Each structure stands twice: as structure tokens, then as C-alpha cells.
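User: Please take a close look at the charged side-chain pairs in this model, and at the cysteines as well. I would like one connected account.

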Amino acid sequence: MARYQIHVCDGPSCGVTHGSEVLVERLAAAIAGDPALAGRVGVRCYTCYGRCDDGPNLFVQTLGDGEDGDEEPDNDVLESQRGFYPGMDADKVLRVLREHCGQDRVVEELVDEY
């Protein structure tokens with residue numbers, strides 16, 4: 001199965017206005033509580049996607065061999081991988097985690113072009 005890094009926007013709008021830190025905590029707890037995801041999926045904050053009106057936003061990055069996901073993905077990755085999810089809430093992030101990361105299936109009705 002693929003490995004993923006979830007990057008949750010923590011910029012001025014998503015972090016302060018939209019409370020993205022709650023989403024990071026919820027994702028981290030769900031990952032830690034699921035042996036199938038732990039060690040295969042990580043979550044971290046991202047500086048800003050520039051889509052503040054759509055926030056909170058996150059990006060699910062598919063990690064290649066040797067990638068650890070600790071660095072923010074560059075624009076090539078953001079534009080080439082189908083994993084940008086705007087307008088997230090607590091229920092949507094768990095669905096993205098369960099389907100995109102758990103079942104290796106992009107959630108088409110929630111994903112958007114970066």
C-alpha cells in the first residue's frame with residue numbers, strides 16, 4: 001500500500017479563522033488509533049496554499065520511495081498529484097483519511113485542482 005503525508009494548512013486564515021489545528025489533532029489521533037494507517041500515514045502543518053477563502057485546506061501527498069514527508073511539497077507535486085482538499089471539517093478529514101489514505105482512493109466529490 002502507498003504511504004502518505006497529509007499537509008494541513010496552518011496559514012493566517014486556515015490556522016486562526018478556520019481552526020486547522022483541530023483537524024491536525026483529529027487526524028493524528030485517528031492515525032495513531034488505526035494500525036493499518038500508523039507508520040504509513042503522517043500529518044503535519046503546511047504554511048499556506050493561497051486558497052484562504054476555501055479553507056481549511058489540506059493536501060494528501062503520495063510519498064515515493066525514500067521520501068519521508070517532512071518537507072512541504074513543491075508546486076510540481078501540488079499540481080501533479082490529485083490530493084488537494086479545500087473546505088475541510090472534522091468529518092471530511094476523517095473521510096479523506098479513511099478513503100484516500102486507507103483505501104488508496106481519491107475522494108472525487110471533495111478533491112479539487114490546486
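Analyst: A salt bridge here is a side-chain nitrogen of Lys or Arg within 4 Å of a carboxyl oxygen of Asp or Glu. The model is a predicted one, and it holds seven salt bridges.

Start with Asp112 and Arg51. Their closest N and O atoms are 2.7 Å apart, and the two residues form a salt bridge. This pair links distant parts of the chain, with the two positions 61 residues apart in numbering: Asp112 lies in the segment after helix 4 (90–101), and Arg51 in the loop between strand 2 (41–46) and strand 3 (58–63). Asp112 counts as partly exposed because its relative accessibility is 32%. Arg51 also counts as partly exposed, at 21%; the cut-off for buried is under 20%.

The segment after helix 4 also contains Glu113, which is paired with Arg82 across distant parts of the chain; Arg82 sits in the loop between helix 3 (75–80) and strand 4 (84–85), and the two are 31 residues apart. In this salt bridge the closest N and O atoms are 2.8 Å apart. Arg82 has a relative accessibility of 36% and so counts as partly exposed. Glu113, at 52%, counts as exposed, since exposed means over 50%.

A further salt bridge joins the side chains of Glu99 and Arg105, at 3.2 Å from N to O. Salt bridges with shared partners tie Arg95, Glu99, Arg105 and Glu109 into one network. Within the Glu99 and Arg105 pair, Glu99 counts as buried because its relative accessibility is 10%, whereas Arg105 is partly exposed, with a relative accessible area of 42%.

Now the cysteines. A disulfide requires a pair of cysteine sulfur atoms within 2.5 Å, and the count by this rule is zero. Cys48 shows why a candidate pair fails: the closest cysteine sulfur to its own is that of Cys52, 4.2 Å away, which is too far for a bond. The relative accessible area of Cys48 is 30%, so Cys48 is partly exposed. Cys9, in contrast, is buried, with a relative accessible area of 2%.

To recap, the structure has seven salt bridges and zero disulfides. Asp112 with Arg51 and Arg82 with Glu113 each link distant parts of the chain, while Glu99 and Arg105 belong to a network with Arg95 and Glu109.

Methods: Residues are numbered from 1 along each chain as its sequence is written. This is a predicted model: local features need pLDDT of at least 70, side-chain atom pairs count only at pLDDT 80 or more; totals for chains, interfaces and linings use all residues. Side-chain values use heavy atoms; hydrogens and water are left out. Helices (H or I, at least four residues) and strands (E, at least two) are DSSP runs, numbered from the N terminus. Buried means under 20% relative accessible area, exposed over 50%, partly exposed in between (1.4 Å probe, protein chains only).
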